[in-house]
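Please take a moment to look through the structure shown below, and keep it in view as you read. The paragraphs that follow begin with a single residue and then widen to the whole chain.

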Amino acid sequence: MQLFDIAVGRCRAIEGGTVTIGLDSAIVSRLVPGYPWRMSGTSVLRLSQRLCSKRFPLEPGRETFLQREELMRNPSASLDLLGDGNFVPVRLRALSDGEEPQIVKPATKTPRSNLPQSRRS
């Protein structure tokens, strides 16, 4: 198993070992499959700070990364789906399922001499 972190949204607050995150809509769709799309940041997740990345420090207003290896243990958190203050328990393993790091290959440039005449200008 490769170790890597998963971006989930913007950190809103860090209080007493608990982190509050405004979730990206793609993350909400993993936690609640089939739920209609909402604007990113509407749904809120509260979780233990120990789940957060050790490589990317927490900072309010910045992207929050969670450790995939911790998520695979299926920890619980609290989700406020509508952003109205009503939190319900949720399990987080769904965030790590099917996630494998993608190796990005650098783009190769075509020499100008190999381009069609119309694209050389």
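Asn-74 counts as partly exposed because its relative accessibility is 28%, where buried means under 20% relative accessible area, exposed means over 50%, and partly exposed lies in between (1.4 Å probe, protein chains only). This residue is found in the loop between α2 (68–71) and β5 (76–80), and its phi is near 60°, a positive value in a residue other than glycine. As background, most residues other than glycine have a negative phi.

Before going further, it helps to know how the description was made. This is a predicted model, in which local features need pLDDT of at least 70 and side-chain atom pairs count only at pLDDT 80 or more, while totals for chains, interfaces and linings use all residues. Residues are numbered from 1 along each chain as its sequence is written, and side-chain values use heavy atoms, with hydrogens and water left out.

Turning to the whole chain, we find two helices and six strands, and these follow one another along the sequence in the pattern β-β-α-β-β-α-β-β. Helices (H or I, at least four residues) and strands (E, at least two) are DSSP runs, numbered from the N terminus. Of the 121 residues in the chain, 33% are buried, and the chain exposes about 8,000 Å², of which carbon and sulfur atoms supply 52%; these areas come from the Shrake-Rupley method with a 1.4 Å probe, and for residues only the protein chains shown count as cover. If we take the contacts (heavy atoms within 4.5 Å) in the chain with a separation of 6 or more, residues 24 or more positions apart account for 60% of them.

How are the six strands ordered in the sheet? They form an open sheet in the order β4-β1-β2-β3-β5-β6, with antiparallel pairing, where two strands pair if DSSP finds at least two bridges between them. The edge strands are β4 and β6 (88–91), each of which pairs on one side only. From one strand to the next, the twist averages 45°; here axes are lines fitted to C-alpha atoms, for helices over the stretch in contact, and angles run from 0 to 180 degrees between N-to-C directions.

Strand β1 (residues 5–15) is a useful one to follow in detail. It is joined by five bridges to β4 (residues 63–67), the two running antiparallel, and in this pairing Ala-7 stands opposite Phe-65. With strand β2 (residues 18–23), β1 pairs over six bridges, again in the antiparallel sense; Arg-10 stands opposite Gly-22 in β2, and Glu-15 stands opposite Thr-18. The hairpin of β1 and β2 has two residues between the strands, and in this hairpin Gly-16 takes a positive phi near 55°.

The next topic is the nonpolar core, a set of buried Ala, Val, Leu, Ile, Met, Phe, Trp, Tyr and Cys residues joined through side-chain atoms within 4.5 Å. The largest nonpolar core holds 22 residues, of which Val-8, Leu-23, Leu-31, Leu-45, Leu-47, Leu-92 and Leu-95 touch the most other members. The elements that give two or more residues to this core are β1, β2, α1 (25–31), β3 (44–48) and β5. Leaving out residues up to four places away in sequence, Leu-45 touches residues that include Val-19, Ile-21, Leu-31, Ala-77, Leu-79 and Val-90.

Finally, consider the charged side chains. There are three salt bridges, each being a side-chain nitrogen of Lys or Arg within 4 Å of a carboxyl oxygen of Asp or Glu. One of them joins the side chains of Asp-5 and Arg-55, at 3.1 Å from N to O. Because Asp-5 lies in strand β1 and Arg-55 in the loop between β3 and β4, this pair ties together parts that are 50 residues apart in sequence. Asp-5 is buried, with a relative accessible area of 15%, whereas Arg-55 is exposed, at 52%.

Glu-70 forms a salt bridge with Arg-50, with the closest N and O atoms 3.2 Å apart. Since Glu-70 lies in helix α2 and Arg-50 in the loop between β3 and β4, the pair ties together parts that are 20 residues apart in sequence. Glu-70 is buried, with a relative accessible area of 15%, and its side chain also meets that of Arg-73 in a salt bridge (2.7 Å, N to O); Arg-73 is exposed, at 61%. Arg-50, Glu-70 and Arg-73 are thus linked in a network of salt bridges.
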